[in-house]
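User: I would like a close look at a single part of this structure, namely its nonpolar core and the parts around that core. Please explain it formally, at the level of a first-year student.

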Amino acid sequence: MTIAEASRKYGLSADALRYYERVGIIPRVPRTKSGIRDYDEASCGWIELTKCLRSAGVQIEALIQYSALFQQGEETVGERKALLEEQRRLLTERREDIQRSLDRLSTKIEYYDQILLEKEQKICAAGSGR
């Protein structure tokens, strides 16, 4: 698949795909005889993983490190697992922070809902007393 096709399929710009390859997040993409990128199944797997982890907020540096470790082979399995566990821990912390923020916002919204309800009740009571 060409870079344009991969770009459309994954919703990433061609520049982003080139960047991910240049910094080592996506291992070198196979090329045609004329030098055009030809994304294969393995390349697409890396794009999917990258997109998923980036959308979750995983930093570029962690993805570069993970990819480098992966390319070093089986002897880095433990390091890769540790890196992913650390990213999961960081994401869990962020999720908890977001949940606290959502809870606080919900409490504030409920407070304003109550004020609006009381106002509405006063207006209705005043209108029915005429």
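Analyst:
**The core and its surroundings**

In this predicted model, Ser7 is buried, with a relative accessible area of 16%. That value falls under the 20% limit, which is why Ser7 counts as buried. Ser7 is found in helix 1. The side chain of Ser7 reaches the backbone oxygen of Leu12 at 2.4 Å. Setting aside residues up to four places away in sequence, Ser7 touches Leu12, Ser13, Ala14 and Leu17.

Two of these partners lead into the core. The largest nonpolar core has 22 residues, and Leu12, Leu17, Ile26, Tyr39 and Ile47 are those with the most contacts inside it. Two or more residues each come from helix 1 (3-10), helix 2 (14-22), helix 3 (41-55) and helix 4 (60-72). Helix 4 gives the most to this core, with five residues.

Leu17 shows how such a residue is surrounded. Again leaving out residues up to four places away in sequence, Leu17 touches Ile3, Ala6, Ser7, Leu12, Ile26, Tyr39 and Ile47.

Ile3 is also touched by a residue from a loop. Arg37 lies in the loop between helix 2 and helix 3, and the residues touched by Arg37 include Met1, Thr2, Ile3, Arg18 and Glu21, as well as Val29, Pro30 and Arg31, not counting residues up to four places away in sequence. With Glu21, the contact is polar: the side chains of Arg37 and Glu21 meet at 2.6 Å. By contrast, the C-alpha atoms of Arg37 and Tyr19 are separated by 13 Å, and these two residues are 18 residues apart along the chain.

Helix 4 leads to a further part of the structure. Helix 4 and helix 5 pack at an angle of about 160°, with their axes 9 Å apart. Angles over 145 degrees count as roughly antiparallel, so helix 4 and helix 5 are described in that way. Their crossing is left-handed. On the side of helix 4, the contact is made by Ala62, Gln65, Tyr66, Leu69 and Phe70, and on the side of helix 5 by Glu79, Arg80, Leu83, Leu84 and Gln87.

One residue of this contact may be examined further. Gln87 lies in helix 5 (residues 77-128). Gln87 is buried, because its relative accessible area of 14% is under 20%. Apart from residues up to four places away in sequence, Gln87 touches Val58, Gln59 and Ala62.

Notes:
Residues numbered from 1 in each chain as written. Predicted model: local features only at pLDDT ≥ 70, side-chain atom pairs only at ≥ 80, totals over all residues. Heavy atoms only, no water. Core = buried A, V, L, I, M, F, W, Y, C linked by side-chain atoms within 4.5 Å. Buried < 20%, exposed > 50% of the residue type's maximum accessible area, 1.4 Å probe, protein only. Helix = DSSP H or I, 4+ residues; strand = E, 2+ residues; numbered from the N terminus. Contact = heavy atoms within 4.5 Å. Polar contact = N/O pair within 3.5 Å; in protein donor to acceptor, adjacent residues only side chain to side chain. Axes fitted to C-alpha atoms, helices over the stretch in contact; angles between N-to-C directions. Parallel < 35°, antiparallel > 145°, perpendicular 65-115°, else oblique. Left-handed = near helix turned anticlockwise from the far one by under 90°.
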